[in-house]
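Here is a short briefing on side-chain contacts and surface features. Have the model open as you read, and follow along at your own pace.

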Amino acid sequence: SSFEVSVIGTDLTWINRVSEDRAIKLQGEVFHQNRRNSEYEVVDEVTGEIYRNDLDGTLWGAYGLADYKFHPQWSAGFRGDYVELVDNAVLNPDIAEVAYSGYLTFHQSEFARWRAQLTHFTAVDGEDGDWQLMLQGTFSIGEHKHKIS
């Protein structure tokens, strides 16, 4: 009872090797934060008004991912994200940011991969959101190289 913030989280990954070259991966994580008696201050950007409040409540975050490796070098997947922001809890409690992403990954080798991802994102202000296109390269280098999965 003497702690101001308590946090708990868990994650789970399940991989099913359909064949030598094909696999299905399901992955998810949940994060929960309980804040008690935290003095919190937020400035409204429009009016300039300062809100002071004791933040008593819970905040959640989670993601879920489904990935299908359909070829030795190619995989595709979908991811959904949900997060309630700490700095939004005073002005807009119970409103969260939500994002949905689809991606295509090229596994160049066991130590390098390339990914193109398209994400639709809805912000806490309730607006329809934004579309983002991201390109990513991931490389494993060094003395003890570990495979990228």
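Is Arg79 buried, partly exposed or exposed? In this predicted model, Arg79 is partly exposed, since its relative accessible area is 28%. That residue is a good place to start, and the notes below move on to the aromatic side chains.

**Charged side chains**
- One salt bridge turns up in a search of the whole structure.
- It joins the side chains of Arg79 and Asp81, with 2.8 Å from N to O.
- Asp81, like its partner, is partly exposed, at 22% relative accessible area.
- Arg79 also lies over the face of Tyr63, 4.0 Å from the ring centre.
- Over the ring of Tyr103 sits the charged end of Arg115, 4.4 Å from the centre.

**Aromatic pairs**
- There are four aromatic pairs in the structure.
- One of them is the tilted pair of Tyr68 and Phe70, with 6.4 Å between centres and 35° between planes.
- Both rings belong to partly exposed residues: Tyr68 has a relative accessible area of 33%, and Phe70 has 34%.
- Trp114 and Phe139 make an edge-to-face pair, because their planes stand at 80°, with the centres 5.2 Å apart.
- This pair links distant parts of the chain, 25 residues apart: Trp114 belongs to strand β6 (residues 112–122) and Phe139 to strand β7 (residues 130–139).
- Trp114 is partly exposed, with 40% relative accessible area.

**Nonpolar surface patch**
- Val18, Tyr68, Phe70, Trp74 and Leu104 make up a nonpolar surface patch, together offering about 420 Å² of accessible area.
- Trp74 is part of strand β4 (residues 74–83) and is partly exposed, at 32% relative accessibility.

Definitions and conventions. Residues are numbered from 1 along each chain as its sequence is written. This is a predicted model: local features need pLDDT of at least 70, side-chain atom pairs count only at pLDDT 80 or more; totals for chains, interfaces and linings use all residues. Side-chain values use heavy atoms; hydrogens and water are left out. A salt bridge is a side-chain nitrogen of Lys or Arg within 4 Å of a carboxyl oxygen of Asp or Glu. Buried means under 20% relative accessible area, exposed over 50%, partly exposed in between (1.4 Å probe, protein chains only). Patches are made of residues with over 30% relative accessible area and no salt bridge: like charges are joined within 9 Å, nonpolar side chains (Val, Leu, Ile, Met, Phe, Trp, Tyr) within 5 Å. Accessible areas come from the Shrake-Rupley method with a 1.4 Å probe; for residues, only the protein chains shown count as cover. Helices (H or I, at least four residues) and strands (E, at least two) are DSSP runs, numbered from the N terminus. Rings of Phe, Tyr and Trp (its six-membered ring) pair if their centres lie within 6.5 Å; planes under 30 degrees apart count as stacked, over 60 as edge-to-face and the rest as tilted. A charge sits over a ring if NZ of Lys or CZ of Arg is within 6 Å of the ring centre and within 35 degrees of the ring normal.
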